[in-house]
Amino acid sequence: MLHGLPPILDAGVRVLILGSFPSPASLAAQRYYGHRQNQFWRLLGAVFDEPLAELEYAERQRSLLRHHLGVWDVYRRCRRQGALDAAIRSPETNDFSRLQIEVPRLQRVCFNGQTAGKLAGWFAQQGYETHILPSSSPAHTLAFASKLERWQAALAPAGSCSAEGEGPAGRC
């Protein structure tokens, strides 16, 4: 069994991006989206107008949290040969039941690809806004500009709250 990575979360997170499960390169590096061809950091860098892909991993994590953005995966462990989501076997889902207590400002959950998006219904039932995004994986061949457009639409309002402290889900 392969074991996933701990979440990048704190109590200020308003948007959570969930992937499926770390690639072998990410597991080896113990870093989310550690494969050099994965477009995750480049996409978020473009959304936030910051050079995230050029930063050290610890600074990337701090930047995400400054933007009230968390990262985690749908599966906490599984069996898999290679990096493709289609090869995931015997997956065990992470325990998301404590999010409302530990991440009280969480409003929106975005899924990095269709495999992760299979849990969108559960999160919607918990009262979260959900978006299934095109995968940042190099295996997903949609043009970068098209991916970015969809990511910007889902993430641009992230963290925006009025002066009264109420956001779209009333949890700011």
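Start with the part to be careful about: over residues 158–172, pLDDT stays under 50. The model still has 29 contacts beyond four places in sequence for that stretch. Where pLDDT is low, the predicted coordinates should not be read in detail. What you're looking at is a predicted model, and for the chain as a whole the mean pLDDT is 90. In fact, 91% of the residues reach 70 or more.

With that in mind, let's go to strand E6, which covers residues 108–112. How many of the five residues of E6 are buried? Five of the five are, so the strand is largely enclosed by the rest of the structure. In a regular strand the side chains alternate between the two faces of the sheet. Now look at the two faces of E6: Arg108, Cys110 and Asn112 are on one side, while Val109 and Phe111 are on the other. Both faces are covered, and these residues are all buried.

E6 has strands to pair with, too. Strand E2 (residues 15–19) pairs with E6 in the parallel sense over four bridges, and here isoleucine 17 stands opposite cysteine 110. E6 also runs parallel to E7, with five bridges joining them. One of the residues to find there is glutamate 129 in E7, the bridge partner of arginine 108.

Arginine 108 deserves a second look. This residue sits in strand E6, and is it buried or exposed? At 4% relative accessibility, arginine 108 counts as buried, because the cut-off for that is under 20%. Try finding arginine 80 as well: arginine 108 and arginine 80 are 28 residues apart in sequence, and their C-alpha atoms are 29 Å apart in space.

Tryptophan 72, in strand E3, makes a good companion to that pair. Tryptophan 72 and isoleucine 8 are 64 residues apart in sequence, yet 6.4 Å apart in space, C-alpha to C-alpha. Tryptophan 72 counts as buried as well, with 10% relative accessibility.

Next, move to helix H2 (40–48). Seven of the nine residues of H2 are buried, so this helix is largely enclosed by the rest of the structure. You can pick them out one by one: Phe40, Trp41, Leu43, Leu44, Gly45, Val47 and Phe48. What do the buried residues of H2 pack against? Their partners are E2, H3, E3, E6 and helix H7 (144–155). Right after H2 comes aspartate 49, which has a positive phi near 55°.

Aspartate 49 leads us to some other backbone angles. Tyrosine 33 has a positive phi of about 55° although it is not a glycine. You'll find tyrosine 33 in the loop between helix H1 (24–29) and helix H2, and it is buried, with a relative accessible area of 13%. Histidine 68 is not a glycine either, and its phi is positive at about 60°. Histidine 68 lies in the loop between helix H3 (57–66) and strand E3 (69–73). At 25% relative accessibility, histidine 68 counts as partly exposed.

Now for another set of strands. Three strands, in the order E1-E4-E5, form an open sheet with antiparallel pairing. Strands E1 (2–3) and E5 (89–93) stand at the edges with a single partner strand each, so one side of each is left without a neighbour in the sheet. E1 and strand E4 (residues 75–79) pair in the antiparallel sense over two bridges. To see that pairing up close, find histidine 3, which stands opposite arginine 77 in E4.

What about the cysteines? Cysteine 78 is buried, with a relative accessible area of 0%. Cysteine 110, which you met in E6, is buried too, and its relative accessible area is 0%. How many disulfides does a search of the whole structure find? The search finds zero.

Finally, let's look for open space. The largest pocket has a volume of about 600 Å³. Of the 30 residues that line this pocket, the closest to its centre are Asn38, Ala83, Asp85, Ser135 and Ser137. Helix H5 (114–117) and strand E7 (129–133) are the elements that give two or more residues to the lining.

Terms used. Residues numbered from 1 in each chain as written. Predicted model: local features only at pLDDT ≥ 70, side-chain atom pairs only at ≥ 80, totals over all residues. Heavy atoms only, no water. Pairing = 2+ DSSP bridges. Disulfide = S-S within 2.5 Å. Buried < 20%, exposed > 50% of the residue type's maximum accessible area, 1.4 Å probe, protein only. pLDDT = per-residue confidence, 0-100. Contact = heavy atoms within 4.5 Å. 1 Å grid on protein atoms, 1.4 Å probe; cavity = no way out; pocket = protein on both sides within 12 Å on 5 of 7 lines; lining within 4 Å. Points joined across faces, edges and corners; volume = space filled by probe spheres on them.
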